[in-house]
Each structure stands twice: as C-alpha cells, then as structure tokens.
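Student: I should like to learn how the terms used for a protein structure are justified. May we go through them one at a time?

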Amino acid sequence: MQPEDIIARAAEVLRENDMGEWTRASPTLYPHQWSWDTAFIAIGLAHLDSGRAAREILTLLQYQWKNGKIPHIVFNPDAPPESYFPGPEHWASAADSPDAPSGPSLTSGLCQPPVHAIAARHLLTVAEARGEGVAEAREFLGEVYPKLFAWHRYLATARDPESSGLVTIYHPWESGTDNSPRWTSALERVEVGEIPDYERLDLDHIPDPAERPTGYEYDRFIWLVEVIKHARCDDTVLYRTSPFLAKDVLASAILVRANEALLDVTEVVGAPEEEGTMIRAWIERGRKGLDERWDPGLGLCLDYDLRAGEPLAARTIAGFAPLIAGTGRAECLERLLRVFESHAFTGNPDLRRPLPPSTSPNDMGFLPRNYWRGPVWPVMNWLFWWSLERSGEQKRAARLKDCALGQLSDGRFGEYYEPFTGEALGSDDQSWTAAVALDWLAEGEQPLPTL
Ligand code: 9WN
C-alpha cells in the first residue's frame with residue numbers, strides 16, 4: 001500500500017468506528033469508548049476534522065468522576081448485548097460510589113494512562129500548523145483545561161498519597177498493558193476469592209485464544225474488579241484492602257509529559273498562577289520518582305509492588321518510561337537507547353522489523369502471539385516515535401516511524417503484530433492504530449480526506 005492508500009484506509013476505519021460523538025475502539029471486540037484510546041484517536045482525527053476530534057475528548061470528559069477520575073470505559077448503551085465482558089451490568093454497583101457521575105451507570109470504576117492533555121494540546125498544534133481552526137482549538141482548551149487539571153490532581157493525590165511522583169494502580173487494566181509480565185508476580189500474590197460465573201466474550205471475536213490473556217489471568221482480573229466494587233471505588237479503602245497495589249512507571253511517565261502539555265495549556269487559557277506552580281511541582285516529582293525506579297542492572301525502569309514492597313522485575317516496553325518522560329539524566333537516556341536497540345528489543349536479529357516488542361524476547365514471560373507479552377503495538381510505536389523526537393533523537397524517530405508505517409502497509413490496522421512474522425493479531429480495524437497512521441502521514445505531500 002502506498003501512503004495515500006494508507007491514509008484513505010485509516011480514514012475509512014475511523015469512519016466505520018465513528019459512533020457520532022465518539023469512536024468505538026474496534027468494530028466487534030471493543031464496542032465501547034476507552035479512555036486512552038480516545039486520546040490517541042483524537043490525535044489522528046485532528047487531521048481530518050478538528051471539531052470532531054475535540055468532541056471525541058469532550059464526550060469522554062462528560063463522564064468524568066466527581067473526584068477527577070476519567071473512567072477507563074464509557075459503555076455504549078446500544079452495543080449488542082453480550083458483546084463485551086465485563087460490561088455495564090457488571091459495573092453497575094460502581095455507580096453507588098459518591099464520586100461516580102450522576103445518571104445511569106455507564107462507566108467502569110477504573111482509569112487508564114493519562115494521554116488526554118497531550119491529545120488536547122496536539123489539537124492546537126495541528127490547527128496552528130494548518131492555519132485553520134486556531135480560535136476554536138483555543139476555545140476547546142479553555143473548556144477542557146479545568147477538567148484535565150482535576151484529572152491530573154486526582155492522579156497526583158488520590159493515586160499518589162506518598163507523593164512519590166508515581167501513579168498507583170489497583171488493576172492491570174489500569175496500566176493499559178493488561179497481561180504484561182510487568183504484573184505477573186504481583187498477580188501471583190493475589191488470592192482469588194469468590195467470583196461470579198463469567199463467559200470470556202473476548203474469545204468470540206478473535207481467531208485464536210492464544211492471542212488473549214489466559215483464564216488464570218482473567219480470574220484475577222475479575223476478582224480485582226470485585227474487590228474494587230466492594231470498596232465502592234474508594235481510593236482510601238483500596239489503599240488498605242486491594243491485594244494488587246502497584247506503582248506504574250509507564251503511566252507515571254505519560255503523566256509527566258501530559259503535565260508538560262497541561263502547563264502549555266495554562267498559558268493559552270490564562271489559568272491561575274498557583275495551578276501552573278502545582279503542575280511544575282508534579283513534573284519535577286514525576287521525574288524524580290522515575291529516577292528512583294531505575295534498575296542499573298537491567299538498564300530499565302521498573303514498576304513497584306507496594307504490597308510486597310519490592311520492584312517488579314520484567315523486561316518490557318514500560319522499562320523505557322524515562323525516555324517517554326524525557327528524564328533529565330543524560331547517562332540514563334544513553335543507556336536506555338542502547339538497551340532499546342540491543343538484541344533484547346529492536347536489535348533482535350529475528351524480528352520482522354526493528355520495532356519494539358511489548359515484552360523482550362529475552363524475558364521469561366515472552367510469548368510472540370500473546371497480547372502484551374511480546375507483540376508489537378502500533379500505538380506504542382507512536383509513543384516511542386513522539387518521545388524520541390522530543391528527546392532530540394530525530395534520526396532514530398524517523399527510522400522508527402518508517403518501519404512502523406511499513407508494518408501498517410498491510411492495510412489491516414491490527415491491534416498488535418507478531419514481532420517475528422509481522423502478522424496482524426487481535427482485532428483488525430483498531431481505531432487507535434488508524435489514528436496514529438494518520439498522524440504520521442498527515443505531514444506528507446498527500447492530500448487528506450475529510451471524515
Ligand atoms: C480492557 C481498548 C483496550 C485498550 C487496552 C487493551 C485492551 C481491554 C480488554 O483494549 O484492554 O481494558 O478487554 O482487553 O489492553 O490498552 O485500551 O483498545
């Protein structure tokens with residue numbers, strides 16, 4: 001496929017998944033609105049229709065919880081019954097939380113990595129570059145700023161009572177990298193209590209169950225949902241009771257960059273000076289927190305299990321968190337780049353393309369077809385490309401982008417890809433895959449379609 005065909009197909013995928021004011025994550029496997037997917041989708045949509053991109057984010061924010069939390073799923077009331085588990089019925093009791101948005105129960109009680117401010121800021125960048133819709137983009141930032149500030153404050157307080165600079169999660173789904181070996185040992189320590197009978201609806205939408213998490217993992221995922229519902233999603237209670245309590249370095253790194261984006265927004269919207277001061281402090285604290293989780297032996301940054309009181313050793317893409325955060329320590333960045341390009345990651349000679357496998361082929365938990373245990377995720381390629389550009393690594397960024405686009409020239413817009421064969425896995429026509437392709441190609445010579 002040529003770039004113009006990739007653009008046309010990507011726009012078609014977003015059109016097919018467009019539900020009016022929001023976009024489903026994929027046609028059948030994920031018929032609802034997901035939190036971090038929304039942010040990436042808006043980054044792509046910005047090139048096709050800036051107003052629609054703004055509405056994508058605004059729709060999600062309508063369901064923001066009173067404590068600032070942006071829920072990880074907003075359920076589509078029109079999705080076919082039995083299309084996704086756990087669906088809205090399963091989360092119904094989360095609406096009992098005093099922090100839940102009023103109205104019918106339409107959200108999960110979890111959250112996901114905070115890409116939203118990066119996406120919101122991106123809308124203005126795209127408008128400025130195109131010389132079109134700048135006033136509207138500024139107006140949009142004025143509308144979302146207080147909500148994004150509340151979201152980041154929630155993460156900096158309720159999700160970090162230790163003021164460590166690192167975000168705490170109660171469930172692997174909150175990391176967005178659900179069954180990554182990052183969480184294996186913490187999950188092994190979870191003793192599963194009584195869980196309701198459930199059916200794995202996800203397995204109906206993919207050709208091979210080996211591409212999805214195992215039953216062992218799902219039992220733990222569902223048990224943790226029970227624990228969270230039982231605590232009425234109360235952060236203070238969960239700090240006491242959740243058997244899974246971990247500091248997530250990837251979400252924390254994304255938060256550092258999202259806070260930088262939010263700081264830019266404070267200037268655009270003329271936010272109170274003390275809010276800018278708070279955001280600056282969060283950025284500094286986030287970088288320091290990541291520094292403290294650096295493992296010199298592995299040359300990676302490691303998550304931390306608060307329950308066990310120990311680092312969670314695994315070689316996964318999350319280990320490159322300081323690269324994403326743009327950490328101040330040059331020796332750390334150099335070492336990270338060496339590891340990124342070593343046999344353990346993109347330099348592995350057997351890879352179809354030098355793209356980062358979600359888990360290193362040298363890690364014990366590596367499985368090349370299984371979800372976050374090895375496959376390459378296009379949306380993560382975008383995150384690394386974007387971070388490399390921001391770290392002044394233009395050449396490396398360009399190489400990564402070319403390889404990532406080469407992978408997408410199969411036109412399938414897979415959710416993830418087998419690293420050695422390049423086969424598309426999981427769902428086809430995944431919205432965020434199409435969105436990042438559009439963002440990569442939008443600056444080229446090719447004319448862009450409208451949505
Ligand atoms: C659970 C929608 C989401 C992504 C996650 C990805 C996957 C859900 C699932 O799909 O998670 O949230 O059912 O497997 O892991 O990152 O946001 O695309």
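Student: What makes Asp37 and the ligand a polar contact, and how many Å lie between their atoms?

Tutor: This is a predicted model, and in it a polar side-chain atom of Asp37 lies 2.6 Å from an oxygen atom of the ligand. A polar contact requires a pair of N or O atoms within 3.5 Å, so this pair qualifies.

Student: Which atoms of Gln112 and Trp372 lie by an oxygen atom of the ligand, and at what distance?

Tutor: For Gln112, a polar side-chain atom lies 3.1 Å from a ligand oxygen. For Trp372, an N or O atom in the side chain is 3.0 Å from an oxygen atom of the ligand. The cut-off is 3.5 Å, so both pairs are polar contacts.

Student: How much of the ligand does the protein bury?

Tutor: Taken alone, the ligand exposes 420 Å², and the protein buries 100% of that. The ligand sits in the largest cavity.

Student: Which residues come nearest to the ligand, and how does the shell divide?

Tutor: There are 16 residues around the ligand, of which Asp37, Tyr84, Gly176, Asp178 and Tyr371 come nearest. The shell divides into 9 nonpolar, 4 polar and 3 charged residues.

Student: Why is the pair of Arg189 and Asp305 called a salt bridge?

Tutor: Their closest N and O atoms are 2.8 Å apart. The rule asks for a side-chain nitrogen of Lys or Arg within 4 Å of a carboxyl oxygen of Asp or Glu, so the name is justified. Arg189 lies in the loop between α8 and α9, and Asp305 in strand β7, so the pair ties together parts 116 residues apart in sequence. By this rule the count comes to 30 salt bridges.

Student: Which peptide bond is cis, and where is Pro86?

Tutor: The cis bond joins Phe85 and Pro86, with omega about -5°. Pro86 is in the loop between β2 and α4.

Definitions and conventions. Residues are numbered from 1 along each chain as its sequence is written. This is a predicted model: local features need pLDDT of at least 70, side-chain atom pairs count only at pLDDT 80 or more; totals for chains, interfaces and linings use all residues. Side-chain values use heavy atoms; hydrogens and water are left out. A residue is near a molecule or strand if one of its heavy atoms lies within 4 Å of it. A polar contact is a pair of N or O atoms within 3.5 Å; within protein, one must be able to donate a hydrogen and the other to accept it, and residues adjacent in sequence count only if both atoms are side-chain atoms. Accessible areas come from the Shrake-Rupley method with a 1.4 Å probe; for residues, only the protein chains shown count as cover. On a 1 Å grid over the protein atoms alone, a cavity is a set of points where a 1.4 Å probe fits but cannot get out, and a pocket is an open set with protein on both sides within 12 Å along at least five of seven lines; lining residues have an atom within 4 Å of a point. A molecule sits in a cavity or pocket if more than half of its atoms lie within 2 Å of its grid points. Ala, Val, Leu, Ile, Met, Phe, Trp, Tyr, Cys and Pro count as nonpolar, Asp, Glu, Lys and Arg as charged, and the others, Gly among them, as polar. Helices (H or I, at least four residues) and strands (E, at least two) are DSSP runs, numbered from the N terminus.
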